[in-house]
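Ready to practise reading a protein model? Have the sequence and the 3D view open side by side, and try each exercise before looking at its solution.

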Amino acid sequence: MKFINHYRWRAYPPSLNADLPAHTVDCPECGQRISLPRLKRGQEAHCPRCGHEIVDVGKNPYIAPLAYATASLILMVFVYSMTFVTVTLAGITSILSLPSMMKQLIVSDFGFLAEVMFVLTFGSPLVFLLFCLYVYLALLFDKVFPGLSYATRTLVRLRHFIMVDVFFISTLVAYIKLSSVAEVSLGAAFYLMLALALMLIRTSVSISEHWVYYKINQILGRNAIEAPSEERVCCSRCLYFREKTEATCGVCGADLYHRRPKSLSMSTAFLVAAVLLYIPANLLPIMISSNPTVVQANTIFNGIVYMWEEGDKLIAAIIFSASILVPGAKIVLLIVLNLSAHYGLPANSKTMLKIYHFTDSVGKWSMIDIFVIIILMSSFHSYMARVVPGQAAVYFCLVVILTMLSAYFFDPRLLWDKSRYSKTITDRPSENVSDTQYTYD
């Protein structure tokens with residue numbers, strides 16, 4: 001076992017016990033059964049087989065999420081009420097805020113894009129932060145609030161649907177492009193968005209899913225920890241053992257299964273749909289720009305070539321990476337993963353797991369192109385200069401969403417089931433491992 005201790009003063013009363021008792025879990029990444037020791041503040045445990053972080057207990061597990069969430073909510077108020085960017089072209093000035101951008105999309109009959117922007121940059125972050133306050137205030141005061149289990153379940157799942165950081169990077173790309181043809185002034189909301197993105201990331205990282213489910217069930221008078229047996233299965237989401245007869249996990253409410261049912265079928269179905277939509281997403285115009293003398297319709301690739309030839313090579317490289325390289329590579333890698341889970345692995349299990357994590361983490365950055373179009377459309381919506389999304393914009397949005405769903409429904413444990421290490425094991429987790437790696441940070 002590996003220990004690293006850093007003793008620091010902690011600003012919470014000693015009565016708030018953050019310890020997690022010793023118990024057994026199955027790794028959600030490789031299926032390895034692991035006996036965890038008692039975990040204290042600042043301690044984390046990793047799977048000895050695949051290296052996946054099984055559980056961590058924060059240094060300030062009660063206070064940190066509350067502090068980060070409160071700071072994020074305050075920043076959201078300013079970001080969504082202040083000027084985001086001001087664009088002046090041919091004597092016409094557009095003063096844009098984030099709500100005005102969504103309104104412009106709705107007025108221009110692009111309600112789908114308005115909904116995407118609203119959900120990913122406002123709706124999901126807001127609900128996530130409110131539930132974070134609700135859950136952690138219940139923990140802090142040891143009180144049973146109504147719907148506490150549902151709030152916890154929603155909190156931990158919403159972390160994957162927040163794209164404020166992606167929108168911020170998209171604004172930088174749009175700013176460079178706008179500056180070449182118009183006078184652009186970034187508002188206070190733009191700078192505060194960077195702080196908001198960082199606070200949202202810190203809030204998300206400070207939430208330990210396994211730990212918070214244990215503490216919430218303590219408040220509700222239930223013991224989440226049960227010993228493993230042939231009659232119990234380890235929940236893939238909260239990592240607590242439950243009776244096989246339960247349709248849904250009694251701890252977190254997720255569907256209970258040894259391996260995700262129809263994982264490959266669902267992952268493949270979403271992947272095939274993404275491949276089919278990827279064709280019109282690249283062949284049809286994604287952005288149509290016009291002025292009194294000319295109308296220009298650009299596909300993703302044509303727009304990249306135009307920016308490269310105009311000298312905007314950095315923007316061209318970013319758009320190429322986010323709009324062509326990343327979604328294309330993700331589709332190819334998802335095909336490899338699904339075939340590997342079906343027929344066997346072309347590389348060792350740890351390498352294949354790294355590929356899976358890459359495809360799962362980069363998907364949202366493909367939304368950069370869509371957000372850039374939204375910003376440009378909001379900036380240029382007059383007779384002198386106008387930008388509207390093309391048909392490919394909707395298809396491209398769907399490709400991003402479908403590839404994210406394909407990665408979500410793919411069960412990475414199937415890769416280990418196909419590896420040589422797991423060939424002697426059928427339909428059951430590996431033997432207990434006592435040399436669990438855990439560290440104090």
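Below are five exercises with worked solutions.

This is a predicted model, in which local features need pLDDT of at least 70 and side-chain atom pairs count only at pLDDT 80 or more, while totals for chains, interfaces and linings use all residues. Residues are numbered from 1 along each chain as its sequence is written, and side-chain values use heavy atoms, with hydrogens and water left out.

**Exercise 1. Find out how many disulfides the structure holds, and why Cys-27 is not in one.**

Step 1: Recall that a disulfide is a covalent bond between the sulfur atoms of two cysteines. Here the test is a pair of cysteine sulfur atoms within 2.5 Å.

Step 2: Start from Cys-27. Its closest cysteine sulfur belongs to Cys-50 and is 3.6 Å away, which is too far for a bond.

Step 3: Now take Cys-30, which is in no disulfide either; the nearest cysteine sulfur, in Cys-47, is 3.6 Å away.

Result: the structure holds 0 disulfides.

**Exercise 2. Decide whether Cys-27 and Ile-219 are buried or exposed.**

Step 1: Set the limits: buried means under 20% relative accessible area, exposed over 50%, and partly exposed in between (1.4 Å probe, protein chains only).

Step 2: Cys-27 has a relative accessible area of 0%, so Cys-27 is buried.

Step 3: Ile-219 has 13% relative accessibility and therefore also counts as buried.

Step 4: Look around Ile-219, which sits in helix α7 (residues 209-219). Helices (H or I, at least four residues) and strands (E, at least two) are DSSP runs, numbered from the N terminus. Contact means heavy atoms within 4.5 Å. Beyond its neighbours within four places in sequence, Ile-219 touches Ala-138, Leu-139, Asp-142, Lys-143, Val-144 and Leu-148. Val-144 is 75 residues from Ile-219 in sequence, yet their C-alpha atoms are 6.3 Å apart in space.

**Exercise 3. Compare the reach of helix α6 with its expected span, then find what covers its buried residues.**

Step 1: The expected span is 1.5 Å times one less than the number of residues.

Step 2: Helix α6 (residues 188-206) has 19 residues, with 27 Å expected, and it reaches 27 Å from its first C-alpha to its last.

Step 3: Pick out its buried residues, among them Phe-190, Met-193, Leu-196 and Leu-200.

Step 4: Their cover includes α1 (63-79), α2 (98-107), α3 (111-141), α5 (164-179) and β7 (183-186).

**Exercise 4. Work out the order of the strands in the sheet that contains β5.**

Step 1: Two strands pair if DSSP finds at least two bridges between them.

Step 2: β5 (residues 85-89) and β6 (residues 92-96) are antiparallel, with 5 bridges; Val-87 stands opposite Ser-94 in β6.

Step 3: β5 and β7 also run antiparallel, joined by 4 bridges, and Thr-86 faces Ser-185 in β7.

Result: the 3 strands form an open antiparallel sheet in the order β6-β5-β7. Its edge strands are β6 and β7, each pairing on one side only.

**Exercise 5. Which residues have the most contacts inside the largest nonpolar core?**

Step 1: A nonpolar core is a set of buried Ala, Val, Leu, Ile, Met, Phe, Trp, Tyr and Cys residues joined through side-chain atoms within 4.5 Å.

Step 2: The largest has 132 residues, and Tyr-136 and Met-367 have the most contacts inside it. The largest share of this core, 13 residues, comes from α3.

Step 3: Leaving aside neighbours within four places in sequence, the contacts of Met-367 include Val-116, Leu-120, Met-163 and Cys-397.
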